[in-house]
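Let's take a walk through this fold together, beginning with the whole chain and ending with single residues. Please keep the viewer open as you read.

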Amino acid sequence: MPRSLRITVAAGSIARVNAPAVVVNHFRQVQPIGAELALEDALDGAIARAIADGRFAGRLGELCILPTEGRIPADYAVVVGLGDFRDFTLDTVATIASATGLAITQLRLTRLATILPGGEFGLKTLQATKRFMKNLVSV
């Protein structure tokens, strides 16, 4: 059965977005920065705990779905593994889009909030965003 997904571009903290789920990304063996750090702080270290207890490692395309338990407006925080920092390319963006699509399916979402991929890691934001959207909608 076809579903719809609404896409809106906005600025602000991912931890303050009112959506059923928020999505951030995590490089393997790299401390959180940016949006991931804001979410990690708002969730009182839930991402670090998932890593420490072996539920999440940050492997490319790996998903960690965390209930937020009311600590932020979203019901779920989804962390998508980016793999190793040195291996980050447009193909990585395609993989994380597919993983995000899987989370959308698993959680039966019609709305979510995510960050624009790539710009902070050397990729052109428009190019990375197009690749993300192409792969997200093909899931």
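What follows is a guided look at the sheet, the helices around it and two individual residues.

Keep in mind from the start that this is a predicted model. Its protein chain has 139 residues, and 42% of them are buried. The secondary structure amounts to 4 helices and 4 strands, which appear along the sequence in the pattern β-α-α-β-β-α-β-α. If you look at contacts between residues at least 6 apart in sequence, 65% of these link residues at least 24 apart. As for the outside, the chain has an accessible surface of about 7800 Å², with 53% of that area belonging to carbon and sulfur atoms.

Now turn to the sheet. In what order do the strands lie? Going across, you meet S2-S3-S1-S4, in an open sheet with mixed pairing. Strand S2 (63-67) and strand S4 (113-114) are at the edges with a single partner strand each, so each has one side without a neighbour in the sheet.

Strands of a sheet are held in pairs by backbone hydrogen bonds, and the pairing can be parallel or antiparallel. Here you can find both. Strand S1 (residues 21-27) runs parallel to strand S3 (residues 76-83), and 7 bridges connect the two. To find the register, look for Asn25, which sits opposite Val80 in S3, and for His26, which faces Gly81 of S3. The pairing of S2 with S3 is antiparallel and extends over 5 bridges; in that pair, Leu66 has Ala77 of S3 as its bridge partner. How much of S3 is buried? The answer is 7 of its 8 residues, so S3 is largely enclosed by the rest of the structure.

Next, bring in the helices, starting again from the parallel pair, where S1 and S3 share 7 bridges. Helix H1 (residues 34-42) packs on the sheet and touches S1 and S3, its direction making about 120° with that of S1. Helix H3 (residues 90-107) also packs on the sheet, where it touches S1, S2 and S3; its direction makes about 155° with that of S3.

H3 has a helical partner too. Its axis and that of helix H4 (residues 125-137) come within 8 Å and cross at roughly 40°. Because of that angle, H3 counts as oblique to H4. The crossing of H3 past H4 is right-handed. On the H3 side, the contact includes Leu90, Val93, Ala97 and Ile104, while H4 contributes residues including Ala128, Arg131, Phe132 and Leu136.

Let's finish with two residues worth selecting in the viewer. Asn25 belongs to strand S1. Is Asn25 buried or exposed? Its relative accessible area is 13%, which is under the 20% cut-off, so Asn25 counts as buried. Beyond its neighbours within four places in sequence, Asn25 is in contact with Glu36, Val79, Val80, Leu82, Ile96 and Ile115.

Asp87 is found elsewhere, in the loop between S3 and H3. With a relative accessibility of 44%, Asp87 is partly exposed, because that class lies between 20% and 50%. Although 27 residues separate Asp87 from Leu60 in sequence, their C-alpha atoms are 9.7 Å apart in space.

Notes
Residues numbered from 1 in each chain as written. Predicted model: local features only at pLDDT ≥ 70, side-chain atom pairs only at ≥ 80, totals over all residues. Heavy atoms only, no water. Buried < 20%, exposed > 50% of the residue type's maximum accessible area, 1.4 Å probe, protein only. Contact = heavy atoms within 4.5 Å. Areas by Shrake-Rupley, 256 points an atom, 1.4 Å probe, with all protein chains shown as cover. Pairing = 2+ DSSP bridges. Axes fitted to C-alpha atoms, helices over the stretch in contact; angles between N-to-C directions. Parallel < 35°, antiparallel > 145°, perpendicular 65-115°, else oblique. Left-handed = near helix turned anticlockwise from the far one by under 90°.
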